Amino acid sequence: MVPIILALTHKNFMVPWHFMKEGLKSESTTAFEIGMGMPIWKFLEGHPVQSKLFNEEMAAETRLLTKTLFEDCKDTFQGLDSLVDVGGGNGTTIMAIYEAFPHIKCTLYDLPHVIANSRDHPSVEKVSGDMFKSVPTAQAILLKLILHDWTDEECVNILKRCKEAIPKETGKVIIVDVVLDEETTHELAKTRLVLDIDMMVSTGGRERTLDDWENLLKRAGFRSHKIRPIRAIQSVIEAFS
Ligand SMILES: C[S@@+](CC[C@H](N)C(=O)[O-])C[C@H]1O[C@@H](n2cnc3c(N)ncnc32)[C@H](O)[C@@H]1O
């Protein structure tokens, strides 16, 4: 939990919360941009200390999730021969996947400054680039806590790049993200709503309901999908090409 608390309470990451009202009033600018003068991903590119803190926060979140993810969704990964973790941060998730499923050819993909500071693993390839332009090819693409950072238009764009990178018929995109359900009494329901506000303040993205996800996947051209709740804040969505 330490990296999560250190990142959440870092002064630079707290500033945007003081600009929530201004962010809410603006159609196109996030509270983060108003408070820090630039979007979060640009800020992290130019601030290595804060970038490391952010990536360590995400890695700590991954360590809390992987046991449940692999137990509840073993079949999601078992049949794969190759997988690219798009926006995979410092590599913690894809390296855990390789350790659990060593038959999968694993690739970590992220922005150049993130890849330059990511972990090394002899069996995990590292590729840098921009997911809005292209994504390395594989049988499956993992998008873990990526789409909730972006608007619907941007998500459709990312999903289309992912769809281009997987084989027709046998390819899939594995999305690990929150599914909001306003009716539920689930113990994590309120945490999911807090994350929704966090995304609004920090990235300009949002958490999504079942209908929102269905709509996005349809717009991006996926033929079918399966949504599976797991014992975590996130659910696992498999979208088939
Ligand atoms: C919220 S983090 C998720 C990290 C990781 N997937 C996880 O769950 O721990 C979002 C990631 O998207 C990456 N990212 C942002 N814009 C990107 C882009 N245009 N192309 C590739 N990666 C990008 C960030 O660098 C960051 O690592």
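1. Nonpolar surface patch. In this predicted model, Trp17, Leu24, Ile197 and Met200 make up a nonpolar patch of about 360 Å² on the surface. One of its members, tryptophan 17, sits in the loop between helix H2 (11–14) and helix H3 (20–25). Tryptophan 17 counts as partly exposed, because its relative accessibility is 36%.

2. Glycine 35. This residue belongs to helix H4. Its relative accessibility of 24% places glycine 35 in the partly exposed class. Apart from neighbours within four places in sequence, glycine 35 is in contact with Val15 and Phe19. Glycine 23 is 12 residues away from glycine 35 in sequence, and the C-alpha to C-alpha separation of the two is 9.1 Å.

3. Aromatic pairs around phenylalanine 43. The structure holds 8 aromatic pairs. In one of them, the ring centres of phenylalanine 13 and phenylalanine 43 are 6.5 Å apart and the planes stand at 80 degrees, so the arrangement is edge-to-face. This pair links distant parts of the chain, since phenylalanine 13 is in helix H2 and phenylalanine 43 in helix H5 (residues 40–46), 30 residues apart. Both phenylalanine 13 and phenylalanine 43 are buried. Phenylalanine 43 also pairs with phenylalanine 32: here the centres are 5.7 Å apart and the planes at 70 degrees, so this pair too is edge-to-face. Phenylalanine 32 lies in helix H4 (residues 31–36) and phenylalanine 43 in helix H5, so the pair ties together parts that are 11 residues apart in sequence. Phenylalanine 32 has a relative accessible area of 1% and is therefore buried; for phenylalanine 43, also buried, the value is 2%.

4. Aromatic cluster. A further group of rings deserves mention. Trp41, Phe54, Phe132 and Trp150 together form one aromatic cluster.

5. Salt bridges at glutamate 71. The count for the structure comes to 18 salt bridges. Side chains of opposite charge can pair when their charged atoms come close. Glutamate 71 takes part in a salt bridge with lysine 67, at 3.1 Å from N to O. Lysine 67 and glutamate 71 both lie in helix H6 (residues 48–72), 4 residues apart, which is about one turn of the helix. Glutamate 71 also meets arginine 231 in a salt bridge, with an N to O distance of 3.0 Å. Arginine 231 is in the loop between strand E8 (224–229) and strand E9 (235–240), whereas glutamate 71 is in helix H6, so this pair ties together parts that are 160 residues apart in sequence. As to accessibility, lysine 67 is exposed at 59%, arginine 231 is exposed at 53%, and glutamate 71 is partly exposed at 46%.

6. Aspartate 130 and lysine 133. The side chains of aspartate 130 and lysine 133 form a salt bridge with an N to O distance of 4.0 Å. The cut-off for a salt bridge is within 4 Å. Aspartate 130 is partly exposed, with a relative accessible area of 27%, while lysine 133 is exposed, with 65%.

7. Lysine 172 and its network. Asp75, Lys172, Lys226, Arg228 and Glu238 are joined in a network of salt bridges. Where in the fold does lysine 172 lie? Lysine 172 is in strand E5, which spans residues 172–177. Is lysine 172 buried or exposed? With a relative accessible area of 10%, lysine 172 is buried, because the buried class covers values under 20%. Not counting residues up to four places away in sequence, lysine 172 touches Asp75, Thr76, Leu80, Gln139, Ala140, Ile141, Ile166, Glu238, Ala239 and Phe240. Asp75 and Glu238, members of the salt-bridge network, are thus among the residues that lysine 172 touches.

8. Cysteines. The structure holds 0 disulfides. Cysteine 155 is in no disulfide, and the nearest cysteine sulfur, that of cysteine 162, is 10 Å away. Cysteine 162 is likewise in no disulfide, its nearest cysteine sulfur being that of cysteine 155, at 10 Å. A disulfide requires the two sulfur atoms to be within 2.5 Å, which is why this pair does not qualify. Cysteine 155 is buried, with a relative accessible area of 0%, and cysteine 162 is buried, with a value of 0%.

Key: Residues are numbered from 1 along each chain as its sequence is written. Side-chain values use heavy atoms; hydrogens and water are left out. Helices (H or I, at least four residues) and strands (E, at least two) are DSSP runs, numbered from the N terminus. Buried means under 20% relative accessible area, exposed over 50%, partly exposed in between (1.4 Å probe, protein chains only). Contact means heavy atoms within 4.5 Å. Patches are made of residues with over 30% relative accessible area and no salt bridge: like charges are joined within 9 Å, nonpolar side chains (Val, Leu, Ile, Met, Phe, Trp, Tyr) within 5 Å. Accessible areas come from the Shrake-Rupley method with a 1.4 Å probe; for residues, only the protein chains shown count as cover. Rings of Phe, Tyr and Trp (its six-membered ring) pair if their centres lie within 6.5 Å; planes under 30 degrees apart count as stacked, over 60 as edge-to-face and the rest as tilted.
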